[in-house]
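Dear colleague,

I am passing on the structure below, and my notes on what was found in it follow. Please read them with the structure open beside you.

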Amino acid sequence: MSEAIVTRCDFLVGEIVDGRFIIDGVLGEGSFGKVFRVKDGDGQILALKLLKLWEVPSEVRSPLVQRFSMEFQTGQIDSEYLVRSLSYGSVKGNPYIIMEFCPGGDLTGFNDVSLYSKVGFEMLSGLKALHSCGKVHRDLKPENVLFKSNGVAALTDFGISGDRNKRMTERNIFGKPQQIFGTYAYMPPEQVNRVRGEATVLPTTDIFSFGVLFFQLLTGFLPFGKLENHNDLVTYQMNAKKGLWAQHSLRNVPDGEKWKLLIEGCLEPDFKHRLQSAEDVLKLLPYYSTMSNIKSSRKSFDFFKKKDNDLINSLRIMQGEEFGQIYKLTEMYKSGYSLFTMGREEDNLLVVKEEQSFYMSRYHCTIETDGIRWFIRDGQWQPEKNSWINSTNGTFVNSTPVSQLGLMLNVGDIISIGDVKLRVESN
């Protein structure tokens, strides 16, 4: 995207955007985006999120636009517990998303103890919807939980912030230091400094953030200590890595022992031993049995769960640089293939593009089939070394690490390799 077609774009109250939306005020602003309250031609109040592309160096515009587009797509997941994306456009070269307007504000300062279980249920239901579609929020914090007009707590801000945002700000693309404490407060140990062998972002990332957020909601404090300067940050992250959190703060909280069990499972520093899914956390939520009777007015987000007689047909990229790419496995099997190598090197049978980061191995994993059952193994056989070589950062199905011995796949499973997530789909 060239400099010539991207120009500064800020709006005044009363200004008309794209001939369709009247600016009614500013709702918030971050490093990459600004959110406006707008009215459409029918007088309906909506939110317009503008990507401030004019402030971004040209070399990072393309990946930012790609992430913004994926954020729009994520906002179209059919769940009451996610803020819904309604339309996508561009003004002066800067993309924007039109979203539901949530008049109840965000979770910051929320203190209605009687509704904590309800809010927890709704947040976890939003995470469950995201995870079942191959998405990880990556930036769960109070500012990203909004209350709709019907009082439902819904998740927002799915794309530009979070882990990829952190990596971009660390590159100092704006030429000035960025405020990082807000994001680091909720970040699990394995994602603070992503290293080889611990780089894959899994649903357990959001589970940890949920634990931090709910501890803060219940007590008014962060679980691993104060976080006001860089010295605090070092101590905070060390405590998180050791699992040293202020359990005593829950003593005077209603149902404190139940919340303690839930939060303890979320704040486990080793992601392999942490609660593995939103469903696991929901089962520990106080009053979950009454909350579970709440029904969404939209279609179930469990649509992709395995059903009887479902046969695996394809893999679809749900998060990654080739979002929407489909690998038609059964067609390839009928053409004579029963073993499918996957990685970023061109001589793999299933080549997955990952150019913005390098958390995927060149020869990452192997999928095998007998025509009915499908299995995935971490790593590949490399003839020149006469041995099986595992990937650097691992292969995961849902949140389960896959070994060289392999794991059977089912329809609806989410495969994570590097920064890419693929969903196993049927006909």
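Helix 2 is mostly covered, since 15 of its 17 residues are buried, where buried means under 20% relative accessible area, exposed means over 50%, and partly exposed lies in between, all with a 1.4 Å probe and protein chains only. Helices here are DSSP runs of H or I with at least four residues, and strands are runs of E with at least two, both numbered from the N terminus. The expected span of a helix is 1.5 Å times one less than its number of residues, and for the 17 residues of helix 2 this gives 24 Å, which agrees with the 24 Å between its end C-alpha atoms. Helix 2 is followed by Gly134, whose phi is positive, near 80°.

Before the rest, two notes on how to read the values. This is a predicted model, in which local features need a pLDDT of at least 70 and side-chain atom pairs count only at pLDDT 80 or more, whereas totals for chains, interfaces and linings use all residues. Residues are numbered from 1 along each chain as its sequence is written, and side-chain values use heavy atoms, with hydrogens and water left out.

On confidence, pLDDT (the predictor's confidence in each residue, from 0 to 100) averages 86 over the chain, and 87% of the residues score at least 70. Two stretches call for caution: pLDDT stays under 50 over residues 160-181, for which the model has 51 contacts beyond four places in sequence, and also over residues 295-309, for which the model has 28 such contacts. Contact means heavy atoms within 4.5 Å.

Helix 2 also contributes to the largest nonpolar core, a nonpolar core being a set of buried Ala, Val, Leu, Ile, Met, Phe, Trp, Tyr and Cys residues joined through side-chain atoms within 4.5 Å. That core has 56 residues, of which Leu107, Met123, Leu155, Phe210 and Phe214 touch the most other members. Helix 2, strand 7 (145-147), strand 8 (153-155), helix 6 (203-219), helix 7 (230-242), helix 8 and helix 9 each supply at least two residues of this core, and helix 6 gives the most, with nine residues. Leaving aside neighbours within four places in sequence, Phe210 is in contact with Gly120, Met123, Leu124, Leu140, Leu262, Cys266 and Val281. Apart from this core lies another, of 32 residues, among them Leu46, Val60, Phe72 and Tyr96.

Turning to charged pairs, how many salt bridges does a search of the whole structure find? The search finds 17, a salt bridge being a side-chain nitrogen of Lys or Arg within 4 Å of a carboxyl oxygen of Asp or Glu. In one of them, the side chains of Lys49 and Glu71 meet at 2.8 Å, N to O; Lys49 lies in strand 4 (residues 45-51) and Glu71 in helix 1 (residues 61-74), so the pair ties together parts that are 22 residues apart in sequence. Lys49 is buried at a relative accessible area of 9%, and Glu71 is buried at 2%.

A further salt bridge brings us back to helix 2, where Glu279 pairs with Lys128, the closest N and O atoms being 2.7 Å apart. Glu279 is in helix 9 (residues 278-282) and Lys128 in helix 2 (residues 116-132), 151 residues apart, and the pair thus links distant parts of the chain. Here Glu279 counts as partly exposed at 22% relative accessibility, while Lys128 counts as buried at 18%.

Glu190 and Arg274 also form a salt bridge through their side chains (2.9 Å, N to O). Since Glu190 lies in helix 5 (residues 189-192) and Arg274 in the loop between helix 8 (256-266) and helix 9, the pair ties together parts 84 residues apart in sequence. Glu190 is buried at 5% relative accessibility, as is Arg274 at 2%. Separately, Asp10, Glu29, Lys34, Lys52 and Glu55 are linked in a network of salt bridges.

Finally, Tyr333 is found in helix 11 (residues 329-334) and is partly exposed, with a relative accessible area of 31%. Tyr333 touches Ser338, Phe340, Thr369, Asp370, Gly371 and Trp374, not counting residues up to four places away in sequence. Of these, Asp370 is 37 residues from Tyr333 in sequence and 9.1 Å away in space, C-alpha to C-alpha.

With best regards
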